[in-house]
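Work through the exercises below with the sequence and the 3D structure in view. Each task is followed by its solution.

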Amino acid sequence: MAPRFINEQIGCYFFYTDVAELIFAPRESNDKKTMQNHFKVVGISFKNAPVEIREIIALDASLIGNLLTEFRDILGLEESLIVSTCNRTEIFYSDVEDRSRDIIALIAAKKGLGKVDSYLSMFKSITDGFEASAYLFRVALGLEAQVIGDLQIINQVKQAYQLAADHNTAGPFMHRLLHTVFFANKRVFQETAFRDGAASVSYASASLVRTISESFVDPRVLVIGLGEIGEDLARHLSEETFTVNLCNRTNEKSQSLGAELNLDYIAFEEVKKSLPNYDIIISSVPVKDFINADDLNNKEVGIQYLIDLSIPRSIDPEVDSLKGVSVYNIDEIQEKASKAVEKRIAAIPEVESIIAETMEGIKEWSKEMLVSPTIQKLKNALEDIRKDELQRHLKNASPEMEEFAEKLSKSLTQKIMKLPVLELKAACKRGEADSLVEAITDIFQLDQETARK
């Protein structure tokens, strides 16, 4: 089934394989009433919105917390989860109705964006619970990532889940779904090559920097040029223990990104004379021969590594002939990344198979949630009968007799409950729960019992 859009006229689409159909077809009519069918998603990603729009919509942790609270208290959403990264801002939620427009309007109001209509066409919504669940799996496991198999996204989803739990917007279904996602992720690591290698230029560069840094006692790293690759590289390196400094043609960009990532920066005007002070230099400035041999002549005795991520090359090839200096170019980095991408693409069928297998458990559990209220009502009704009978027949009984009667009556109640519970769960799997729920409700007058309470 194709995903539904808020605006059916827009030309963007979600990339899907047949995994959702593989999992859920044929679909029993009973499925349409499960909790899972209330699960939905609305949001934007790099597939349907340019970076300029994604920057505007992006949410920090504080704002996410506020929105989660308002989704619950103002919109009345049963459950909600917000995943907001540089590539996507998507809201997963549970509600009987499609609340996409309300959610977008609330985000727009929080961000001070004015009229919501101008942003609607950028958002996409999936309102089928099974497809929305499958999509969350694909996002978390890296199938929907800009860099296939992105290692960062699973941690971002975990952080989003923690925020939802902290703000009491993760209910029973979301708890079960997310823990199943994390279990599937563990299997992907253990059973496939989907997460092997560095599959992007920035990630491959970061891996190289980490390897090289082990050769130094206290390495100093400089990232010059904070375009898409340079910024992504800075983010990859921001949590390392070694020193990382930033530099960009516009100092404002260095300052703002440095403040965000808690990294120091140097002014672009000072970068040339500062080069000898660094052990590892990564340049992504599209200026031919921006760094030349003369810029490094003042370096003291020691080893220095330079990584050129620019086209045209920003590091003069003659630099590589300097004593103690080694230069890596973008072709070497891209070759490493391309091999990793090929390996990950080959592993996609295995990942989708894991998703299908693990979601089967979610599917069965979701079905059983249909009969859970009836089971609880029946349990309460039998417990009331048990207590009433004990009270009526044990008015003058000894403590020993009361203890014996308590144990015996509880044992009998549990045995009476066992068969209806098993039959109800079996009926769920056959798609026949409705008729059995109705019969048990009538026989034990469960609705009347609830009304009396």
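**Exercise 1: The whole chain**

The chain's secondary structure amounts to 18 helices and ten strands, where helices (H or I, at least four residues) and strands (E, at least two) are DSSP runs numbered from the N terminus. This is a predicted model, in which local features need pLDDT of at least 70 and side-chain atom pairs count only at pLDDT 80 or more, while totals for chains, interfaces and linings use all residues. Residues are numbered from 1 along each chain as its sequence is written, and side-chain values use heavy atoms, with hydrogens and water left out.

Task: state what share of the chain is buried.

Solution: Buried means under 20% relative accessible area (1.4 Å probe, protein chains only). Of the 453 residues in the chain, 50% are buried.

**Exercise 2: The open sheet**

Task: find the strand order of the open sheet of four strands, and explain why S2 and S4 are left without a neighbour on one side.

Solution: Step one gives the order S2-S3-S1-S4, with antiparallel pairing; two strands pair if DSSP finds at least two bridges between them. Step two looks at the edges: S2 (79–84) and S4 (124–126) each have a single partner strand, so one side of each has no neighbour in the sheet.

Task: describe how S1 is joined to S4.

Solution: S1 (residues 39–45) and S4 run antiparallel and are joined by three bridges. Within S4, Ile 126 is the bridge partner of Val 41.
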